[in-house]
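Subject: Structure for you to look at

Hi,

Here is the structure I said I would pass on. Have a look at it first, and then read on for what I found.

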Amino acid sequence: MNVGIVGFGSIGTEVAKALIKGVENFCLFGVTSRSKSNAEKRISKLDKHIDIYDLETLIQNCEIIIDCAPKEAFRDIATKCINEERTLITVSGSGILDNLDLEERARKNKSQIILASGAILGLDALRAASESNINYVRMTTRKPPNALSNALYVIENGIDLSKLSEPKLIFKGSATEGAKAFPANVNVAAAVGLAGIGADKTNLEIWADPGLNRNTHKVEVSSDSAVFEMSIQNVQTPENPGTGRITGLSVVACLRGLKSSFKIGT
């Protein structure tokens, strides 16, 4: 099956490397990027040449589209995939959260939108718990200041993270509010909300912690079927500290699962 990658930053590049190395049943057809020059620079460092196309051409020629683009592009990408009856794999939980109306359109057009787990864990347990009754879901994200300093919410609210000597709480609210305030930093909060009790009912705290060198997430869940906690420490990507290296790898794992005859997990 032909695969196309939309958005060729750190995540898209990681996925491309895996496809070049070899993922059974899938072949990288090409990519599209809002910055062709940046994409060309990245491609020149890979072991194989990759063709760059416009979005429409990429979708027309690929059964699978992988969305690694900014949240603002999600609706356009998803709509065009749905119209062509394609499968879309995305890491943009916040994009899905803002465009839930596309679910019905995808169903009617026999298309599918898949949210990869990204930098979070335990979405299978959350989905299972949501089949019964969930009492609460609490999520705490802690990141080094360099992973949050360029976030629009931090800049607009004049939050100085340059000289922190102790952890600082910079956001407290629902996962819905957090995903809107930090669309490029806490896609994981949107994913947790979508998998569990709902983003509006999922409590979220975001901390800037100078004592950390990894992006960390902790999720606490209470339901009538299980009480559990999950935590993860993600290694940052060098060029984009706000993104964990495991994000791109989760997309590759998701891709493999589409055709695997032996599936593990929900």
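Helix α1 has a good number of buried residues: Ser10, Ile11, Gly12, Thr13, Val15, Ala16, Ala18 and Leu19. Bear in mind that this is a predicted model. What lies over those buried residues of α1 includes β1 (2-6), β2 (27-32), α2 (36-44), β3 (64-67) and α11 (246-259). The length of α1 checks out as well: it runs over residues 10-21, and at 1.5 Å a residue its 12 residues should span 16 Å, which agrees with the 17 Å between its end C-alpha atoms. Just past the end of α1 you'll find Gly22, with a positive phi of about 130°.

Now to the sheet further along the chain. It is an open one of 5 strands, in the order β7-β8-β6-β9-β10, and its pairing is mixed. The edges are β7 (168-174) and β10 (227-234), each of which pairs on one side only. On average, neighbouring strands here are turned by 10° against each other, ignoring direction.

A good place to start in this sheet is β6 (residues 134-143). With β9 (residues 215-223), β6 pairs in the antiparallel sense over 8 bridges, while with β8 the pairing is parallel, over 7 bridges. Met139 lets you see both partners: its bridge partner in β9 is Val219, and in β8 Met139 stands opposite Leu204. On to the edge strand β7, which pairs with β8 in the antiparallel sense over 6 bridges. There, Lys168 stands opposite Ala208 of β8. As for β8 itself, 5 of its 7 residues are buried, so the strand is largely enclosed by the rest of the structure.

Which helix lies across β6, β8 and β9? That's α10 (residues 187-195), and it runs at about 170° to β6. Helix α10 is mostly covered, with 8 of its 9 residues buried. The buried ones are Asn187, Val188, Ala189, Ala190, Ala191, Val192, Gly193 and Ala195.

Asn187 deserves a separate look. Its side chain makes a polar contact with the side chain of Ser94, at 2.9 Å. If you leave aside neighbours within four places in sequence, Asn187 is in contact with Val91, Ser92, Gly93 and Ser94.

Finally, the nonpolar cores. The largest has 36 residues, and Ile170 and Phe182 are the ones that touch the most other members. At least two residues each come from α7 (123-129), β6, β7, α9 (175-181), α10, β8, β9 and β10. Which of these supplies the largest share of the core? It is α10, with 6 residues. If you click on Ile170, look for its contacts beyond four places in sequence: Leu148, Tyr153, Val154, Ile159, Leu161, Phe182, Ile206 and Ala208. Ala208, then, turns up twice, as a contact of Ile170 and as the residue of β8 opposite Lys168. Apart from this core lies another, of 27 residues, among them Val3, Ala39, Ile43 and Ala116.

Over to you, and enjoy exploring.

Cheers

How values were computed:
Residues numbered from 1 in each chain as written. Predicted model: local features only at pLDDT ≥ 70, side-chain atom pairs only at ≥ 80, totals over all residues. Heavy atoms only, no water. Pairing = 2+ DSSP bridges. Helix = DSSP H or I, 4+ residues; strand = E, 2+ residues; numbered from the N terminus. Axes fitted to C-alpha atoms, helices over the stretch in contact; angles between N-to-C directions. Contact = heavy atoms within 4.5 Å. Buried < 20%, exposed > 50% of the residue type's maximum accessible area, 1.4 Å probe, protein only. Polar contact = N/O pair within 3.5 Å; in protein donor to acceptor, adjacent residues only side chain to side chain. Core = buried A, V, L, I, M, F, W, Y, C linked by side-chain atoms within 4.5 Å. Expected span 1.5 Å × (residues − 1).
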